[in-house]
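Biologist: Please take a close look at one part of this model for me. I would like to follow how the helices there are placed and what they touch.

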Amino acid sequence: ETGVTHWPRVAGSSKVSLGLVLPVLVALLRFWWTRVMFPATDQGTSSELTSTRSDWGRSVLGSLALIAIGSAVLLPWSSFPLMAPDETRYAEIAREMLDSGDLVIPTRIGLPYLEKPPLLYWLTAGSYRLFGVSVTSARLVPIGAALLTVLFTFWLGTPILGRRAAWLGAVLLLTCAGFLLSGRFLYMDSLLTLWTPVTFLAAYVAT
């Protein structure tokens, strides 16, 4: 430890006050976030960042391959009878929503059902409108959510780890039992499984 000598103030007045606590904390948090947690890296010149036609073509081919693999894994289960009680409940709520035309208040057997967020009902009702009321139409919603999860893993993972690693990571999703189950059944889990990694990956890319 070393002693510190403070010279007496001969003019002016101190600008230090309690009001500076918050701005200093904000500045420290910004420094910690941008310099410590996610430091900027050398991204090269603008010409290096410009996507070439061949890079775009490889991304499209990679996406189409993921759609083909995911569809081959998920679609064969789409016509399996709905599992009670969850799948049958959500399918019925969406059917009643479509029949009544009321997209605000979900109902089950004519009674308001407000226990869950309505996005799954809206999407299922939209699938009914496009493809008719059927088990397969209802299951297209979780299957679509699973395929979008795979695609976003590839798209958002590419700038982080590179195209090859991102594509392999997306394929690995299709080997996870829990992921495949959430993508085959009309549960809330399918949409939660979509939005959670998309949110975290997008935040990581943004920072």
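Modeller: What follows goes through one helix, the loops beside it and in the part it packs against, and then two helix pairs. The model is a predicted one.

Start with helix α4, residues 86–100. Its 15 residues, at 1.5 Å a residue, should span 21 Å, and the C-alpha atoms at its ends are 21 Å apart, so the expected span and the model agree. Just before α4 comes the loop that joins α3 (53–74) to it, and Pro85 is found in that loop. The peptide bond leading from Ala84 to Pro85 is cis, with omega near 0 degrees. Most peptide bonds are trans. After α4 comes Gly101, with a positive phi near 80 degrees.

Which residues of α4 are buried? They are Glu87, Arg89, Tyr90, Ala91, Ile93, Ala94, Glu96 and Met97. These buried residues pack against β1 (107–108), α5 (119–131), α6 and α8 (177–184).

Of those partners, take β1 next. The loop between β1 and β2 (111–112) holds Ile109. Ile109 is not a glycine, yet its phi is positive, about 55 degrees. Most residues other than glycine have a negative phi. Ile109 has 65% relative accessibility, and because the cut-off for exposed is over 50%, Ile109 counts as exposed.

Now the helix pairs. Two packed helices are described by the angle between their axes and the distance between the axes. For α5 and α6, the axes come within 8 Å and cross at roughly 130 degrees. The two helices are therefore oblique to each other, and the crossing is right-handed. On the α5 side, the contact is made by Leu120, Leu123, Thr124, Ser127, Tyr128 and Phe131; on the α6 side, by Ser137, Ala138, Leu140 and Val141. By class, this contact has seven nonpolar residues, three polar and no charged.

Helix α6 (residues 135–161) also meets α9 (residues 189–206): their axes come within 9 Å and cross at roughly 15 degrees. α6 and α9 are therefore roughly parallel to each other, and their crossing is left-handed. Residues of α6 in this contact include Pro142, Leu148, Phe152 and Ile160, and those of α9 include Leu191, Leu194, Val198 and Tyr204. The residues of this contact divide into 15 nonpolar, four polar and no charged.

To put the two pairs together: α6 is oblique to α5 and roughly parallel to α9.

Notes: Residues are numbered from 1 along each chain as its sequence is written. This is a predicted model: local features need pLDDT of at least 70, side-chain atom pairs count only at pLDDT 80 or more; totals for chains, interfaces and linings use all residues. Side-chain values use heavy atoms; hydrogens and water are left out. Axes are lines fitted to C-alpha atoms, for helices over the stretch in contact, and angles run from 0 to 180 degrees between N-to-C directions. Helices (H or I, at least four residues) and strands (E, at least two) are DSSP runs, numbered from the N terminus. Angles under 35 degrees count as roughly parallel, over 145 as roughly antiparallel, 65 to 115 as roughly perpendicular and the rest as oblique. A crossing is left-handed if the near helix is turned anticlockwise from the far one by less than a right angle, and right-handed if clockwise. Contact means heavy atoms within 4.5 Å. Ala, Val, Leu, Ile, Met, Phe, Trp, Tyr, Cys and Pro count as nonpolar, Asp, Glu, Lys and Arg as charged, and the others, Gly among them, as polar. The expected span of a helix is 1.5 Å times one less than its number of residues. Buried means under 20% relative accessible area, exposed over 50%, partly exposed in between (1.4 Å probe, protein chains only).
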